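Subject: Structure handover

Hello,

Here is the structure I promised to pass on. Please open it alongside this note.

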Amino acid sequence: MMTTESYIKEAILCQSLTEGKVQCNICQRRCKIPPGKRGYCWDRLNLDGKLYTLAYGQVATSWIAPIEIKPMFHFFPGSRAFSLGTLGCNFRCPGCQNWDIAHRQIQEDTPLTEYVAPEVAVEAAKSSGCQGISWTYNEPTVWFEYTLDSAKLAKKNHLYTNYVTNGFISQEAMDLIGPYLDSYRVDIKGFSRRSYGKIAHISDFTPILENTVRAKEKWHMHVEVVTNVIPGYSDDESQMNNLATWIVDHLGVETPWHVTRFIPHLRLSHLPATPVATLERIIEIGKSCGLQYVYIGNVPGHPLENTYCPSCGKLLIHRMGYSVSECNLEENRCIFCGKPIPIVGEVVSI
Ligand code: SF4
C-alpha cells in the first residue's frame, strides 16, 4: 500500500496566495486550493501552503496500443505506442468513456495505481517494440510533471511522444512541454459555450482552440482533432459547420478530423448511440468546408475509416480494426497520381 510520503512530489507552475492558498497553473481551471484540499482534478494537494502532485508516476492503466486507437491516422500509421494513464481529470464529462479511472481519486488506502518511474516506462516502450509513448485514457496534464520528465527521456531515447488531451492545458504548461511533444490529439467537443458548458462545465472553450493552434504553430506538433458527436449536445449541423470552418482557417485543410460515434455511458446512458447517418452528414459538412481527411470513428468496418487520395480519389490506406491492412503510398505519396499525403513517419501495414 502507498503511503503519502511515497507518492507525493512538489508541484510546479503554482503560486502562493493569501491564507495559505496555492494557485495551480497547470490547466486553465487555475484552481485556488486552500490548505488540506485538492484541486478540481483531485491530483494536486495543498499541504501547509505548498502544492504537491499526488499522481507522479502513479499509473492506473498501461497498454501497448496501436496509434490508430487514439485515434491518430496520419502519425506513424500502424505503429504501437506505450500508453499510460493515471486517475483523475480536470473535466467531469457526463458521458466519459474512461470514467472508471478519470472520475476516480488517488487514495492512500485504495491501491488502484502502481508506481512506474519515467525510466521504467521508457524502457518498457523500447523493449516491447513500441515506436513511441502516449499519455492517454485520462487528461495528461493532471500528472503534468510526470509526463514532462517522461517526454524528455523518451526524446533522448528516440521515441515519439503523444498527448491525447482535452486541450485545457495552460499556456505556461504547453510552453514547458512543447519542445518534447511530437503530436497532439485534441478533443474539440463542440463549438459553442452551451455545448462546452453542458459537457465539460467550462464557460469559455476558446483557450482550447488557442492551445491547439499553439501546439501546431509554435511547437510544430502534428495535430489531429476528434469530435465525439453526442445526440442533443453536439450534433447540430451549424455548430459542426462552424467547427469544420475553424479547423480549415486555423489548422489547415490537411488536418485530420475524426468524427466519432458516441456510445452511451455513465450519466448519459439514457441517450441513444449517435446514428451513423448523422456522422456521415457531419463528415460531408467537413468535406464541403474544404477538409481533405475527415474520418468516422467507433463504426468498425465503415469505408470512411480509410484514407482516400484527395486528388484522384483512390484508396490509400485501408484500415481493419486498429491496423493498417493495405497501403498504397510510396514515400508518403499516392502511388496512383503522385500527390504528397501529409503523414508523419512511415506506414507499417500488417
Ligand atoms: S491541474 Fe488540477 S489542480 Fe491544477 S488547475 Fe487543473 S484542475 Fe486545478
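Below is what was found, taken topic by topic. Please keep in mind that this is a predicted model.

Domains

Start with the overall layout. The domain assignment splits the protein chain into domain 1 (4–53), domain 2 (58–303) and domain 3 (306–350). How far apart are the centres of domain 1 and domain 3? Taken over C-alpha atoms, the separation is 46 Å.

The three-stranded sheet

Next, look at an open sheet of three strands. Its order is 1-6-5, and the pairing is antiparallel. Which strands form the edges? They are strand 1 (9–10) and strand 5 (44–47), and each of these pairs on one side only.

Take the strand 1 side of the sheet. Two bridges link strand 1 to strand 6, in the antiparallel sense. Here Glu-10 faces Tyr-52 of strand 6.

Now take the other side. Strand 5 and strand 6 (residues 50–53) also run antiparallel, with four bridges between them. Tyr-52 appears again here, as the bridge partner of Leu-45. Arg-44 stands opposite Thr-53 of strand 6. Strand 5 and strand 6 form a hairpin with two residues between the strands. Asp-48 in this hairpin has a positive phi, near 55°.

The largest pocket

The largest pocket holds about 1100 Å³ of space. Its lining counts 41 residues. Which of them come closest to the pocket centre? They are Lys-70, Gln-97, Asn-98, Arg-185 and Asp-187.

Several strands contribute to this lining. Those that give two or more residues are strand 12 (160–165), strand 13 (183–187), strand 14 (222–229), strand 15 (257–261) and strand 16 (294–297). By type, the lining of the largest pocket has 20 nonpolar, 14 polar and seven charged residues.

The second largest pocket

The second largest pocket has about 240 Å³ of space. It is lined by 16 residues. Closest to its centre are Lys-216, His-222, Val-223, Glu-254 and Pro-342. The lining of this second pocket divides into nine nonpolar, four polar and three charged residues.

Where does the second largest pocket lie with respect to domain 2 and domain 3? Both domain 2 (58–303) and domain 3 (306–350) give residues to its lining, so the pocket lies between them.

Helix 4

Helix 4 covers residues 144–156, which makes 13 residues. From first C-alpha to last, helix 4 reaches 18 Å. That is close to the 18 Å expected at 1.5 Å a residue.

Which residues of helix 4 are buried? The buried ones are Phe-144, Glu-145, Tyr-146, Thr-147, Leu-148, Ser-150, Ala-151 and Ala-154. Just past the end of helix 4 comes His-158, with a positive phi of about 60°.

Ser-192

One last residue to look up. Ser-192 sits in the loop between strand 13 and helix 6 (193–200). Is Ser-192 buried or exposed? Neither label fits: its relative accessible area is 22%, and buried means under 20% while exposed means over 50%. Ser-192 therefore counts as partly exposed.

Compare its position with that of Tyr-163. Ser-192 and Tyr-163 are 29 residues apart in sequence. In space, their C-alpha atoms are 24 Å apart.

That is the full handover.

Best wishes

Notes
Residues are numbered from 1 along each chain as its sequence is written. This is a predicted model: local features need pLDDT of at least 70, side-chain atom pairs count only at pLDDT 80 or more; totals for chains, interfaces and linings use all residues. Side-chain values use heavy atoms; hydrogens and water are left out. Two strands pair if DSSP finds at least two bridges between them. On a 1 Å grid over the protein atoms alone, a cavity is a set of points where a 1.4 Å probe fits but cannot get out, and a pocket is an open set with protein on both sides within 12 Å along at least five of seven lines; lining residues have an atom within 4 Å of a point. Grid points are joined across faces, edges and corners, and a volume is the space filled by probe spheres set on the points. Ala, Val, Leu, Ile, Met, Phe, Trp, Tyr, Cys and Pro count as nonpolar, Asp, Glu, Lys and Arg as charged, and the others, Gly among them, as polar. Domain bounds come from an automatic or database domain assignment. The expected span of a helix is 1.5 Å times one less than its number of residues. Buried means under 20% relative accessible area, exposed over 50%, partly exposed in between (1.4 Å probe, protein chains only).
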